[in-house]
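I open the notebook with a model to look through. My entries follow in the order I looked things up.

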Amino acid sequence: MRQPRPSILRALGPGVLFTGAAVGVSHLVQSTRAGAVYGLALVGLVLLANLTKYPAFRFGPLYATATGTSLLEGYRRQGKWALVLYAILTLGTMFTVQAAVTVVTAGLAKVLLGLDVSPAWLSAGLLALCAGLVASGGYRALDGVGKVVVSLLALSTLVATALVLPRVEWGTLSLVPDVGLADVAFLAALVGWMPSAIDVSVWQSIWTLARREQTGHAPSSRESSFDFHLGYLGTAVLALCFVILGSAVLHGSGVEVEDRPGAFAAQLISLYTESLGEWARPLIGAAAFATMFSTTLTVVDGFPRALSVLIDRFQRPEQEEPAGRRSDRTPAYWVSLAAITLGALTILAFLASSMRTLIDLATTLSFLSAPLLSLLNHRAVTSEEVTGEHRPKGWLIGASLVCIAFQALFALFFLWTLTR
């Protein structure tokens with residue numbers, strides 16, 4: 001098997017960060033809940049969610065590689081209404097998203113380290129740590145820490161999954177889930193962040209440009225594709241792992257699943273320990289904490305970076321910069337970083353007990369917004385700015401339209417069920 005060439009290795013990074021951002025609440029909480037409640041019956045839905053979002057996520061780094069500008073420039077070229085739509089969706093969910101992923105991480109830290117500290121204070125410490133990492137080292141720190149954390153996450157999750165395979169009830173496996181209208185709300189919440197919210201594709205495009213700035217290397221279409229698929233396929237595999245873990249350990253156990261994500265994560269670790277032995281606690285704990293810390297770290301950087309670029313796009317067009325001469329760390333970045341940190345802590349101070357509801361709300365909003373953002377991404381990469389080897393193949397363009405239609409139909413079906 002041919003090894004990746006050094007130039008491909010220099011392009012690696014944005015795909016890993018995508019894995020870090022995606023594998024969090026959607027996997028540890030939602031995918032595990034899916035396995036706990038339905039066994040393996042939702043495996044087909046998890047695979048379908050990853051397939052139907054593939055084109056939209058693929059178009060993020062593709063557009064950045066092709067044009068040397070972020071996907072937000074592709075939105076701007078369609079009209080400022082597209083920027084306004086993205087701004088509304090981002091501002092409406094970013095504080096809740098940051099608060100949710102941080103408090104789950106804090107809950108895991110509390111359980112693993114046996115700390116007698118409130119989740120709110122632990123969350124403040126984690127946010128300060130993550131903000132310090134991205135502020136002091138920028139993309140270089142995010143890239144370096146992200147690769148270590150994601151590697152630990154992947155290894156520990158794969159090992160844990162292998163250990164529980166003998167306990168899996170394979171009879172529950174189904175590619176077409178047998179669910180009723182009462183289950184649609186959870187299915188929508190599961191799909192909303194599976195593998196992640198579509199707006200993260202904008203982060204991918206910005207991370208692609210940041211990696212170019214870090215290395216001074218402008219990746220080719222093949223190099224960018226390798227990096228993307230490594231992260232995306234890895235994310236899908238890990239999603240299936242967490243469904244299997246939830247099915248093997250929680251399904252049919254008679255134990256009621258905790259409502260709050262932090263309590264659920266602590267319960268999950270305890271059940272693994274009871275099933276596999278005390279020796280498994282560090283392994284399961286490492287997998288869970290690595291999952292959530294990687295998400296917290298990438299979200300701390302992702303929202304401010306996207307907002308700083310968004311503000312610039314409202315003011316002026318984005319110009320392609322030579323590799324090594326670009327920076328997204330504008331004053332707006334620092335203001336956004338401070339704002340999202342304070343906003344998340346404010347939510348945690350007053351609404352920590354309702355975090356389950358906030359998570360389901362955020363994931364459902366992402367589910368409903370998916371067809372709109374997928375359409376914006378589709379229009380961006382099929383514009384005249386994307387030419388040559390970077391232009392999507394005909395099959396990918398067709399698949400994108402089919403996936404957008406499926407997302408829209410599922411969203412309309414969900415809205416219809418609300419009237420029942």
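**Entry: helix α4.** I started with helix α4, residues 43-67. At 1.5 Å a residue, its 25 residues should span 36 Å. I got 37 Å between the end C-alpha atoms, which agrees. I note here that the model is a predicted one.

I then looked for a bend in α4. A kink of about 45 degrees lies at Y54. The proline P55 comes shortly after the kink.

Next I checked burial along α4. Of its 25 residues, 21 are buried, so the rest of the structure largely encloses this helix. Just after α4 I looked at G68, which takes a positive phi of about 75 degrees.

**Entry: the whole chain.** I stepped back to the totals. The protein chain has 15 helices and 0 strands. It has 420 residues, and 58% of them count as buried. I looked up the exposed surface too: about 16,600 Å², with 66% of it supplied by carbon and sulfur atoms.

How much of the contacts with a separation of 6 or more comes from residues 24 or more positions apart? I found 89% for the protein chain.

**Entry: aromatic rings.** I searched the whole structure for aromatic pairs and found 14. I took up one of them, Y38 with F186. Their ring centres are 6.0 Å apart and the planes stand at 20 degrees. Stacked requires planes under 30 degrees apart, so I log Y38 and F186 as a stacked pair. Y38 sits in helix α3 (residues 25-38) and F186 in helix α8 (residues 184-192). The two are 148 residues apart, and the pair links distant parts of the chain. I checked burial for Y38 and F186, and both are buried.

I also came back to Y54, the residue at the kink in α4. Y54 belongs to one aromatic cluster with F57, F228 and Y232.

**Entry: T296.** My last stop was T296, in helix α12 (residues 281-315). Is T296 buried or exposed? The relative accessible area of T296 is 1%. Buried means under 20%, so T296 counts as buried.

Which residues is T296 in contact with, leaving aside neighbours within four places in sequence? I listed Q98, V101, T102, T105 and C130. V101 also turned up in a polar contact. The side chain of T296 reaches the backbone oxygen of V101 at 3.4 Å.

How values were computed. Residues are numbered from 1 along each chain as its sequence is written. This is a predicted model: local features need pLDDT of at least 70, side-chain atom pairs count only at pLDDT 80 or more; totals for chains, interfaces and linings use all residues. Side-chain values use heavy atoms; hydrogens and water are left out. Helices (H or I, at least four residues) and strands (E, at least two) are DSSP runs, numbered from the N terminus. The expected span of a helix is 1.5 Å times one less than its number of residues. The bend at a residue is the angle between axes fitted to the seven residues ending there and the seven starting there. Buried means under 20% relative accessible area, exposed over 50%, partly exposed in between (1.4 Å probe, protein chains only). Contact means heavy atoms within 4.5 Å. Accessible areas come from the Shrake-Rupley method with a 1.4 Å probe; for residues, only the protein chains shown count as cover. Rings of Phe, Tyr and Trp (its six-membered ring) pair if their centres lie within 6.5 Å; planes under 30 degrees apart count as stacked, over 60 as edge-to-face and the rest as tilted. A polar contact is a pair of N or O atoms within 3.5 Å; within protein, one must be able to donate a hydrogen and the other to accept it, and residues adjacent in sequence count only if both atoms are side-chain atoms.
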